[in-house]
Every structure is written in structure tokens, then in C-alpha cells.
Amino acid sequence: MNIVDLVESQIIASVVDEKDLDIACRSNPNVVFLLTGDLLTSADYIKKLQSNGKTVFLHLDFIEGLSNSKSAVEYIAKHLKPTGIITTKSHVVKYAKEYGLVTIQRIFLLDAAAIEKGIEMVKSCNPNAVEILPGIMPKIIDQLVNRLPHPIIAGGLVTEKKEVLSALKAGALAVSAGDHSMWNYDL
């Protein structure tokens, strides 16, 4: 499955609190990153979002009660059934691909060494897309777009529409945002 074909709105709703689920269900973005929940609630959250036409990516690193093991990924694929997962762990990306999940590798760009390490990780696990944080660095987004054959999603510290537009102009496929006031930008 090609993530480029999944993204209709260039804003991705990052749901970091249960109270924002209803807002996400009514918002423009068709893709939702789910960064809240636990082993007991995640299935209900995913079903709710999917029943409202949302494509859901579960951020495995944030879901309480699930480990980063192969069996946890199998459980997610067979029982929770999101479209895909997000993780900072390249071995989890590899497991998720085995179970047919669309994968997003999240990398933190703290300095030049972190950029190089992130590129190495992405090349080793070959995710469907890469989410970079912070997403307010158009120059770095442009560099990564030219160095990686993967779609880039910018996220983190993006608070204004002009920052979203700068990231998109630099080549990002989309921008993930936890601020629900940004979810209805017409992009």
C-alpha cells in the first residue's frame, strides 16, 4: 500500500488525548496518528476513527501495555487492525511489514549526527514513510527529500499555517499536528 495514495489532506491529525477523538472524527484530515490509549482502549479508538472514514496509524511507542515485540505487532495487525503503525524502532518497522501494516519510521533530528543516524535507520528498515521531528526545518526537509526515496511527514513544533506551507513547499508529503485548531486547514 502506498502511503502517498492514502493522504488526501496534507494535515494529519495527531490525537494525543482521548478527549480529541471526537474532534478528529469531525475534522478534515483523513489520516489520524493515534498517540493515546492502552491495550484495553486502543481497539475502540481505532474502530471509532475508522467508522468516521479515517485511516489510522497507531503510534506503538505511546500505547500502554504493548511492547515492541513481534508478538505485539502481530496482535496489533490481527486484532486492532489499524492501517499502519508509527515507531522510532526500526526492528518494529520490520515486524509490522511482515504483518502487512503500512509503516512510518519516526526520527528526531537533533543535530547533523542524528540526521545521518536517522537516514541509516530508514535505509535499514525501509518503511513506507518517514516522520521527522521537529517539522519546522524546511532546509532539512528538502535535504531528506533529496536523500531518501521515502515520503517525508513533518511533525512537532509546527504551530502556524505558514510553517505547514513551508514544510510542504520543501517537499513534505504532509504535516502531522496535535493542535486540533490546525486540523481544518484546507490543504
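This passage walks through the buried interior of a predicted model, one group of residues at a time.

The structure is a predicted model, in which local features need pLDDT of at least 70 and side-chain atom pairs count only at pLDDT 80 or more, while totals for chains, interfaces and linings use all residues. Residues are numbered from 1 along each chain as its sequence is written, and side-chain values use heavy atoms, with hydrogens and water left out.

A good place to start is the nonpolar core (a set of buried Ala, Val, Leu, Ile, Met, Phe, Trp, Tyr and Cys residues joined through side-chain atoms within 4.5 Å). Here, buried means under 20% relative accessible area, exposed means over 50%, and partly exposed lies in between, for a 1.4 Å probe and protein chains only. The largest nonpolar core has 49 residues, and Leu-34, Ile-76, Ile-132 and Val-164 are among those with the most contacts inside it. Contact means heavy atoms within 4.5 Å. Leaving aside neighbours within four places in sequence, Ile-132 is in contact with several residues, including Ile-107, Leu-109, Ile-141 and Leu-144. A second, separate core of 15 residues includes Val-7, Ile-12, Ala-129 and Leu-173.

Aromatic rings come next. Rings of Phe, Tyr and Trp (its six-membered ring) pair if their centres lie within 6.5 Å; planes under 30 degrees apart count as stacked, over 60 as edge-to-face and the rest as tilted. One aromatic pair is found in a search of the whole structure. Its partners are Phe-33 and Phe-57, arranged edge-to-face at 5.8 Å centre to centre, with 75° between the planes. Phe-33 belongs to strand β2 (residues 31-34) and Phe-57 to strand β3 (residues 55-59), so the pair ties together parts that are 24 residues apart in sequence. Strands (E, at least two residues) and helices (H or I, at least four) are DSSP runs, numbered from the N terminus. Phe-33 is buried, with a relative accessible area of 0%, and for Phe-57 the value is 0%, which is buried too.

Phe-33 also leads to Ser-176, since Ser-176 touches Phe-33 as well as Ile-12, Ser-14 and Glu-131, among others, not counting residues up to four places away in sequence. Ser-176 sits in strand β8 (residues 174-177) and is buried, at 5% relative accessible area. The side chain of Ser-176 makes a polar contact with the side chain of Glu-131 (2.5 Å). A polar contact is a pair of N or O atoms within 3.5 Å; within protein, one must be able to donate a hydrogen and the other to accept it, and residues adjacent in sequence count only if both atoms are side-chain atoms.
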